[in-house]
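This report covers the core, one helix pair, the ligand shell and some backbone features of the entry shown below.

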Amino acid sequence: MKYFIKTFGCAANEADSERIAASYKARGFKPADRLEDADHIIINTCMVRESAENRVYGLVNNLARFKIKNCFAKQNLRKQTKLKIIVTGCMVGMAVRDKTGKMLKVLKQRLPQVDEFLPIEEVGFDYTPVRGDKQKALVPISNGCNNFCTFCIVPFTRGREISRPFEEIVSEVKRLAKQGYKEILLIGQNVNSYGADIIKSKVKNQKSKMQIKNQNFKEGKITFVKHLGRYRIPTLFPYLLDTLCKIKGIEKIDFISSNPWDFSDELINTIARNPKITRNIHLPVQSGDNDILKKMNRWYTREEYLELVKKLKLKLFAESKFCVAKQNLKLSTDIIVGFPGETKEQFENTVDLCRKVGFYKAYLAVYSDRPLTAAHKAFDDDVPYKEKKRRWNVLEKLINKK
Ligand code: SF4
């Protein structure tokens, strides 16, 4: 029996697909080089944009036609086809989180050709992932998100943030080093808040932040992220980075995604003193206009973002000469154009911010209205598509095609 996995979306989905492959391998399946040769076809879905979701519907329809054809073609050889279509990832994640069961029912009605809807939580971390990249290993450190940016469907598809146990991550990276991997990419929706849930679960009855700060954890040193002068979350991310840097054989550590509001001074200092940690920092800004940022429920102003960039440039440019990878700081970002109500002037503020930062790369998206999100409920998707595309082109030319 053979399997084939088609992955849509981000690095987190890619890492999930490597775990799905591992569970198939454990059951004696072999990977198929081509979709046509597989007995089980697994589609790992993404819902971040409507277009990604539509591609899944299109693919399932095509597969269903292929399955019928295949069934007739093989009738005499195998009596009946074993071809199974399995759907997993964000579309299933969102459906199974709906306690009423309505969403799963609707999904099953829309995709009657699918044999199984697999929630990714059922895959687990029991088997060694089948890694596609032999140089750089993807290592998930957390899953889900608590931030609820108003445009984003991820908190509904992946649920609340859950961190993987500290020791489990360290053991996995030690194993990878022994296997000869030199680079790792730590993955989470908001890596900087890694460990906040671990800490909170251990100090449930302690209300004071200072009390938490003074706790001794076997996991290590807690860093508190401050936002607007107030403690926001306790995190173990800087300590995790420090610990992973000490693993012999690992030469480069990358991470994605880190959000601006949880990028503490401690984290910057940790990067600065560890030459193994990447100087390619992905720092999603989404917009350069304060009113739009507020409507997006992003926890910073453009001034705070620029201040953070200034700190990163000061600290990491200065320290770059010690970096093993001999990199200078390079900043990349995510930007959404045409968020509901975004005026031309507000868009120009984003252009201005991009000029000031000098991003080397940007993942640009035209705003896509997603179900369940706060933006979907509160705002009209009122920027015409033509204008969204114009704004996208302006930034594409400024950042990606310069
Ligand atoms: S931080 Fe915001 S954009 Fe990123 S996954 Fe969480 S809700 Fe979505």
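Helices, of at least four residues, and strands, of at least two, are DSSP runs numbered from the N terminus. By that numbering, leucine 372 sits in the loop between strand S15 (361–366) and helix H14 (374–378). The model is a predicted one.

Leucine 372 has a positive phi, near 75 degrees, without being a glycine. Glutamine 286, also not a glycine, has a positive phi of about 70 degrees. Most residues other than glycine have a negative phi, and most peptide bonds are trans. The peptide bond from isoleucine 256 to serine 257 is cis, with omega near -5 degrees.

The loops that hold these residues are listed here.

| Residue | Preceding element | Following element |
|---|---|---|
| Serine 257 | strand S12 (252–256) | helix H10 (265–273) |
| Glutamine 286 | strand S13 (280–282) | helix H11 (290–295) |
| Leucine 372 | strand S15 (361–366) | helix H14 (374–378) |

Glutamine 286 counts as buried because it has 24 C-beta neighbours inside 10 Å. Leucine 372, with 15 other C-beta atoms within 10 Å, is partly exposed.

The largest nonpolar core has 92 residues, of which Val139, Leu236 and Leu240 touch the most other members. Helix H3 (residues 90–97) gives the most to this core, 6 residues. Beyond four places away in sequence, the contacts of leucine 236 include Phe166, Tyr194, Ile198 and Glu219.

The axes of H3 and helix H4 (residues 102–110) come within 6 Å and cross at roughly 140 degrees, so H3 is oblique to H4. Met91, Met94, Ala95 and Val96 of H3 meet Met103, Leu104 and Leu107 of H4. The residues of this contact are 7 nonpolar, no polar and no charged.

Around the ligand lie residues including Cys145, Cys149, Cys152 and Asn259. The shell divides into 6 nonpolar, 4 polar and no charged residues.

Methods. Residues are numbered from 1 along each chain as its sequence is written. This is a predicted model: local features need pLDDT of at least 70, side-chain atom pairs count only at pLDDT 80 or more; totals for chains, interfaces and linings use all residues. A nonpolar core is a set of buried Ala, Val, Leu, Ile, Met, Phe, Trp, Tyr and Cys residues joined through C-beta atoms within 7 Å. A residue is buried if 20 or more other C-beta atoms lie within 10 Å of its own, exposed if 12 or fewer, and partly exposed in between; C-beta atoms are placed from the backbone. Two residues are in contact if their C-beta atoms, placed from the backbone, lie within 7 Å. A residue is near a molecule or strand if its C-beta atom, placed from the backbone, lies within 6 Å of it. Ala, Val, Leu, Ile, Met, Phe, Trp, Tyr, Cys and Pro count as nonpolar, Asp, Glu, Lys and Arg as charged, and the others, Gly among them, as polar. Axes are lines fitted to C-alpha atoms, for helices over the stretch in contact, and angles run from 0 to 180 degrees between N-to-C directions. Angles under 35 degrees count as roughly parallel, over 145 as roughly antiparallel, 65 to 115 as roughly perpendicular and the rest as oblique.
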